[in-house]
Amino acid sequence: MELRHLNHFLAVLESGSLGRASKILGISEPALSKSIRRLEELLQVRLLDRGPRGMTPTVFGESLAVHARLVQSEIGRALGVIGELKGTSRGVVRIGARPSFGAIVLPEAVARLRREHPGVRVHVREGRPENLIREVMYGDLDFAVVTVSETPLDESLVQEPLFDSPVTVVARSGHPLQSDRPVPLAALRDYPWAVTPRQHSARQRFEQLVAEHELGPLDIAAESDSVLFLMAYLRQSDALSFFPRAMIGATGDDGSLKVLAVEGMEWGRRLAIVRRRRAGLAPAARMLLDSLHREAGTEAASAAIP
């Protein structure tokens, strides 16, 4: 099997037809068809079916595609690392992060990295933890920063602790509940809430505490994935929300948002680095990871969290 066979297979799979794939690859359609047949002969299975909607993968094709994409990614990473070592490239780092983490520690770590290594370029992708972890597993991201998973990860992945980021109740400056004294739990019923969607782990933990303290049902005025929207909405209303404590004052905020002292409504959240177990990080990615640990005040983990 040759690498070009896998590249040809993926091109047909992603474009949906031999004709489109041949144009993308710059080879003739008969040559591409021959390459696919050769791959099927080597594996002794049928990889693609032709139908009214074009070429679709068989169950064997779907399985091969997962590994073929990983092979492509690893080859690209290997060439990048060799380029860095040769000095022909300064390196590109691709990481995933939740929006809340993108506002704390990460900007400082990237700035530090750029001061020390001006040629490095960093791509930051925001998304849901399960999607980011999947992209790490497939090699699309070097690593991701997510909340420590309570469920086992795929055996190909490992997670390393980064830092603790407690989550707490937040309101605008001058909110009626802002006080030097603890805020009574019952007072939380008197105001609307702007929160993340139910599938988010922070929202689920929040609802657990609401149930434990028998506070519900609360008035949910707005739900959003957007940290910027939630913060802006809080500044314009008496709504309450919850954010990592470190975000307040670390997002360019001018003091317009304040942490409320509500006993029993703050919870711990530990962030971790998720990376592939057997694939070493490229030099630029390792440098960024070291910079993250320095900004977080932690040492790079020598052993993985099981």
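Let's start at strand 1, residues 48-51, and strand 2, residues 54-57. They pair in the antiparallel sense, over four bridges. A hairpin of two residues joins strand 1 to strand 2. One bridge to look at: R50 has M55 in strand 2 as its partner. Keep in mind that this is a predicted model.

Now the sheets. One is an open sheet of five strands. What is the strand order? It runs 4-3-5-12-6, and the pairing is mixed. The edges are strand 4, residues 121-126, and strand 6, residues 157-164. Each of those edge strands pairs on one side only. From one strand to the next, the twist averages 25 degrees.

Stay with edge strand 6 for a moment. Its partner is strand 12, residues 270-276, and the two run antiparallel. How many bridges do strand 6 and strand 12 share? Seven. If you want a spot to click on, take V158, which stands opposite R275 in strand 12. A general point for reading any such strand: when it is regular, side chains alternate between the two faces of the sheet.

Next, an open sheet of three strands. The order is 10-7-11, with antiparallel pairing. Strand 10 and strand 11, residues 257-259, are the edges, and each pairs on one side only. Ignoring direction, neighbouring strands of this sheet are turned by 50 degrees against each other on average.

Strand 7 covers residues 167-172, and it pairs with strand 10 in the antiparallel sense over four bridges. In that pairing, V169 has F242 of strand 10 as its bridge partner. Which helix packs on this sheet? Helix 8 does, touching strand 7, strand 10 and strand 11. The direction of helix 8 makes about 130 degrees with that of strand 10.

Helix 8 also brings us to the aromatics. The whole structure holds four aromatic pairs. One of them is F229 with Y233, and that pair is stacked. Centre to centre, the rings sit 6.0 Å apart, with 20 degrees between the planes. Where do the two residues fall along the helix? F229 and Y233 are four residues apart in helix 8, so about one helical turn separates them.

Last topic: the pocket. A probe the size of a water molecule, rolled over the atoms, shows where empty space is left. The largest pocket has about 980 Å³ of space. It is lined by 35 residues. Which of them are closest to the centre? P129, T147, H200, S201 and A202.

Several elements give two or more residues to that lining. They are helix 6 (129-137), strand 5 (143-147), helix 7 (201-212), helix 8 (227-235) and strand 10 (241-244). Which one gives the largest share? Helix 7, with five residues. Some of these we have met already: strand 5 belongs to the five-strand sheet, strand 10 is an edge of the three-strand sheet, and helix 8 packs on that three-strand sheet.

And the chemistry of the lining? It divides into 15 nonpolar residues, 11 polar and nine charged.

That's the tour. Over to you.

Note on methods: Residues are numbered from 1 along each chain as its sequence is written. This is a predicted model: local features need pLDDT of at least 70, side-chain atom pairs count only at pLDDT 80 or more; totals for chains, interfaces and linings use all residues. Side-chain values use heavy atoms; hydrogens and water are left out. On a 1 Å grid over the protein atoms alone, a cavity is a set of points where a 1.4 Å probe fits but cannot get out, and a pocket is an open set with protein on both sides within 12 Å along at least five of seven lines; lining residues have an atom within 4 Å of a point. Grid points are joined across faces, edges and corners, and a volume is the space filled by probe spheres set on the points. Ala, Val, Leu, Ile, Met, Phe, Trp, Tyr, Cys and Pro count as nonpolar, Asp, Glu, Lys and Arg as charged, and the others, Gly among them, as polar. Two strands pair if DSSP finds at least two bridges between them. Axes are lines fitted to C-alpha atoms, for helices over the stretch in contact, and angles run from 0 to 180 degrees between N-to-C directions. Contact means heavy atoms within 4.5 Å. Rings of Phe, Tyr and Trp (its six-membered ring) pair if their centres lie within 6.5 Å; planes under 30 degrees apart count as stacked, over 60 as edge-to-face and the rest as tilted.
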